[in-house]
Amino acid sequence: VDALVFLGSRQLNDDLVSGNGAIIPFSEFDQFTGLFKIGFEPTDEMRVEFIYTGYHDTALVPANSEDDPGPTNPVVDRDGDVNSYRLSFDYAPSAAPFLDMSALFYFNSLEITEFRVPPGAPRLDKTTYETIGLEVVNRSRFGDTVPVELVYGFEVFEDSQDGIRDGAPRLSFPDAKATTIGLFAEATIGLSQTVDLIAGLRYDNYERDPNSATLPKVTKDFWSPRIGISYRPNDNWQLYGNIARAFRAPSLSELYNSGLHFAGGPFGFPPDNFFVPNPNLEPEESTQYEIGVRHENTGLFQDDDRIGFSANVYFADVDNFIEQTVDIFAGTTTSRNVPRATLWGLEAEIDYDAGTWYIGGGLGIARGEDNAGGDLASIPQDRLTIEGGVRPRQDWTFGARVTLADRQSRVPAGTAPGPGFELLDLYASYLPQSGALDGAEIRFGIDNVFDEQYTIYPNGLAQPGRTFKMSAAFTF
């Protein structure tokens, strides 16, 4: 039997300050987190585990937290509660290679309460979102000449949501349910000592029920095949490639939202903006291609050094890409299908650790276009991260991290570009190996050393300026 209890509280009693010295309004908050876990292992081959996590926060924030407060975005006193329950069962008898089973039952709930603060008419919003689900997975291994590992199982889960404003239904977050059933299987086949073939298939059926006499239910199903290959010429290198079909079902909000989105201007322009439901939304369907390489090695320049490298490029051809459009002049907000979109990009990381010093970096590049060649929204900025440090003694580490984000000018027409930024973070850690502080871990840090004023596209809110951190942990 093992158990774990965790309690945490965080209070931010003053608003944060951005890099140009301006106050970031409504960034104060109180937060509480708790976790309880208990596990029981009647044998070495079986484990039962229960986990509860709870989270609560309270803050004064704009109703739309991604925009500045104003006449169309009132300030609310918001309380948020998240509770999660997980009961799992794992059984893997050593004498049965065909049986390595995991079962998970879970329930998650989110409840947000918002009181509108003056000026403005009193208003009370309550939002609930719940998920209940079951997932069962088994792994079977067989075959001597051609080894095969087969992973298969099913999952079923239901999401339900409900929005109330002053005791009446809130159309911008309608009462609705979403049910999904999935069956899946994937086999890894050892064609040789260096080549593995991976083949998989998943079937999903989903239903969206708006609980409304005027809006229809939506039921769809989809098959998602995948095939991949992995080549390991030795223990240090891996080359891989994948081709897969995938889909994303429209969310309840994308299908059924209606009612007021935001109020218009004081003189009638812009006009009030209303959500327009679109129950005819088709699911996104994509064909995805990926190739990549991984490398790990030790003893490159000295006996105890280590190097790691990975890179992958991807391309996705998406049909019925779902995008939300806000028409200021017509006063509408709705979700629509873009007939075809393409997404592609590159991700790469490299790290070298010589013991007394280390250096590494990461690069992320993403692109996205619709069928007319126009840029898609929400594509992140190109970003390069470089990190390095020294360990003058076994118990001390000093490091620095540089983040370079390019200006995001590839945005849809009428959308403001995202400015680039450069950040420097410094950190140090002390992990004594003996003495009275043995078992302690003390960390120091300065984020945004040069007090840079920046935002992270597509979020237009200013990020914190220079921030000092210190933490300590003790194990005994």
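1. A nonpolar core here means a set of buried Ala, Val, Leu, Ile, Met, Phe, Trp, Tyr and Cys residues joined through side-chain atoms within 4.5 Å. With that in hand, a friendly reminder before you read on: this is a predicted model.

2. Let's start with the core itself. The largest nonpolar core has 10 residues: Ala176, Ala178, Tyr206, Val218, Ala249, Leu252, Leu255, Tyr256, Leu281 and Ile322. Two elements, strand E9 (176-190) and helix H1 (252-256), each supply at least two residues of this core. The top contributor is H1, which gives 3 residues.

3. Leu281, a member of the largest nonpolar core, is worth a click in your viewer. Leaving aside residues up to four places away in sequence, Leu281 touches Pro250, Glu254, Leu255, Ile322, Ser335, Arg336 and Asn337. Apart from the largest core lies another one, of 8 residues, including Phe321, Ala341, Ala366 and Ile379.

4. Now to the strands. How many bridges pair strand E6 with strand E7? There are 18, and E6 (residues 124-142) and E7 (residues 148-165) pair in the antiparallel sense. To find your place in this pairing, look for Asn138, which stands opposite Tyr152 in E7. E6 and E7 form a hairpin with 5 residues between them, and Gly143 in the turn has a positive phi of about 95°.

5. E7 has further partners. With E9, E7 pairs in the antiparallel sense over 14 bridges, and Val156 stands opposite Ile181 in E9. E9 is also the strand that supplies at least two residues to the largest nonpolar core, so to speak a link between points 2 and 5.

6. Strand E8 (residues 168-169) runs antiparallel to E7 and is joined to E7 by 2 bridges. One bridge partnership to look at is that of Ile164 with Pro169 in E8. E7 and E8 form a hairpin with 2 residues between them, where Asp166 in the turn has a positive phi of about 55°. If you check backbone torsions, please include both Asp166 and Gly143.

7. Last, the second largest pocket, which has a volume of about 690 Å³. Its lining comprises 34 residues, of which Pro25, Phe26, Ser27, Ser65 and Leu461 lie nearest the centre of the pocket. Strand E2 (29-43), strand E3 (46-62) and strand E4 (75-91) are the elements that give two or more residues to this lining. E3 provides the largest share, 6 residues.

8. What is the make-up of the lining of the second largest pocket by class? This lining has 16 nonpolar, 11 polar and 7 charged residues.

Technical notes. Residues are numbered from 1 along each chain as its sequence is written. This is a predicted model: local features need pLDDT of at least 70, side-chain atom pairs count only at pLDDT 80 or more; totals for chains, interfaces and linings use all residues. Side-chain values use heavy atoms; hydrogens and water are left out. Buried means under 20% relative accessible area, exposed over 50%, partly exposed in between (1.4 Å probe, protein chains only). Helices (H or I, at least four residues) and strands (E, at least two) are DSSP runs, numbered from the N terminus. Contact means heavy atoms within 4.5 Å. Two strands pair if DSSP finds at least two bridges between them. On a 1 Å grid over the protein atoms alone, a cavity is a set of points where a 1.4 Å probe fits but cannot get out, and a pocket is an open set with protein on both sides within 12 Å along at least five of seven lines; lining residues have an atom within 4 Å of a point. Grid points are joined across faces, edges and corners, and a volume is the space filled by probe spheres set on the points. Ala, Val, Leu, Ile, Met, Phe, Trp, Tyr, Cys and Pro count as nonpolar, Asp, Glu, Lys and Arg as charged, and the others, Gly among them, as polar.
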